[in-house]
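Reader: I should like a close look at a single part of this protein, together with its surroundings. Please describe that part first and then place it within the whole chain.

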Amino acid sequence: MDESLEKKIKEAIANPKNMGELADADSMGTVGNSDCGEMLRLWVKFKEDHGRKIIDQASFQSFGCETAIAVASMATELIRGKTAKEALAMRHDELTGDLGALPPMKIHCAQLVEGALKAALEADNKKATGAPGATVVENIPSLVDSLQRDQQIAQGKLRILKEDK
């Protein structure tokens with residue numbers, strides 16, 4: 001990674017925007033895999049503005065690298081004021097905002113944020129249309145709760161590997 005990008009990421013990490021749960025969110029999306037340690041949850045709150053339903057607030061929780069946290073911080077600022085359709089049209093490389101282009105080994109960080117955003121906005125769309133599988137945002141476990149639950153399920157299970165000779 002070049003020095004300029006590293007500096008921007010460190011600045012974003014030093015003062016992340018919109019980190020933490022959004023108590024009265026309209027929708028939430030979670031992506032990632034607790035087995036590899038990267039997970040991101042994104043909350044979205046909407047408001048009516050001149051007859052349009054726009055994103056008023058967004059926040060996130062992340063278990064991931066500094067780049068994922070920096071991109072999530074940027075993205076939650078960038079989507080504010082956009083409709084769900086406008087936000088869904090944003091690609092991972094647009095969600096990086098002032099960070100600019102990420103090196104190939106860090107693109108997955110932006111894709112993680114893009115995936116959480118899509119999950120949140122698609123869940124809201126399902127709720128609005130009454131489609132099956134709609135997410136209800138009440139009593140959702142935190143990201144820490146989700147990881148602890150995954151660990152509890154795995155506890156006590158042994159995996160025996162046979163040694164080839």
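Author:
**Helix H2 and its surroundings**

In this predicted model, the buried residues of H2 are Thr67, Ala68, Ile69, Ala70, Val71, Ala72, Ser73, Ala75 and Thr76. The helix has 13 residues, which at 1.5 Å a residue should span 18 Å; the end C-alpha atoms of H2 are 18 Å apart, so the expected and computed spans agree.

H2, which covers residues 66–78, is one of the elements that each supply at least two residues to the largest nonpolar core. This core has 31 residues, and among them Leu40 and Ile79 touch the most other members. Helix H1 (3–14), strands S2 and S3, and helix H4 (107–129) likewise supply at least two residues each. The greatest contribution is that of H4, with eight residues.

Isoleucine 79 merits separate mention. When residues up to four places away in sequence are not counted, isoleucine 79 touches Ile55, Ala58, Ala87, Met90, Leu95 and Leu117.

The strands that contribute to the core may be taken next. S2 (residues 38–49) and S3 (residues 52–63) run antiparallel and are joined by 11 bridges. Methionine 39 has phenylalanine 63 in S3 as its bridge partner, and arginine 41 stands opposite glutamine 61 in S3. The hairpin formed by S2 and S3 has two residues between the strands, and histidine 50 takes a positive phi near 55 degrees there. S2 is mostly covered, since nine of its 12 residues are buried.

Two cysteines also deserve attention. A search of the whole structure finds zero disulfides. Cysteine 65 is in no disulfide, and the nearest cysteine sulfur, which belongs to cysteine 109, is 3.2 Å away. Cysteine 109 is likewise in no disulfide, the sulfur of cysteine 65 being the nearest at 3.2 Å. The pair does not count as a disulfide because the sulfur atoms would have to lie within 2.5 Å. With regard to exposure, cysteine 65 counts as partly exposed because its relative accessibility is 21%, and the limit for a buried residue is under 20%. Cysteine 109, by contrast, is buried, with a relative accessible area of 1%.

A loop residue offers a further point of reference. Alanine 101 is found in the loop between helix H3 (84–88) and H4. At 73% relative accessibility, alanine 101 counts as exposed. Alanine 101 and leucine 5 are 96 residues apart along the chain, yet their C-alpha atoms are separated by 8.6 Å.

It remains to set these parts within the whole chain. The secondary structure comes to five helices and three strands, and along the sequence these follow the pattern α-β-β-β-α-α-α-α. The protein chain has 165 residues, and buried residues make up 38% of them. Among the contacts with a separation of 6 or more, 60% are between residues 24 or more positions apart. The accessible surface of the chain comes to about 9900 Å², and carbon and sulfur atoms account for 49% of that area.

Definitions and conventions: Residues numbered from 1 in each chain as written. Predicted model: local features only at pLDDT ≥ 70, side-chain atom pairs only at ≥ 80, totals over all residues. Heavy atoms only, no water. Pairing = 2+ DSSP bridges. Helix = DSSP H or I, 4+ residues; strand = E, 2+ residues; numbered from the N terminus. Buried < 20%, exposed > 50% of the residue type's maximum accessible area, 1.4 Å probe, protein only. Contact = heavy atoms within 4.5 Å. Areas by Shrake-Rupley, 256 points an atom, 1.4 Å probe, with all protein chains shown as cover. Core = buried A, V, L, I, M, F, W, Y, C linked by side-chain atoms within 4.5 Å. Expected span 1.5 Å × (residues − 1).
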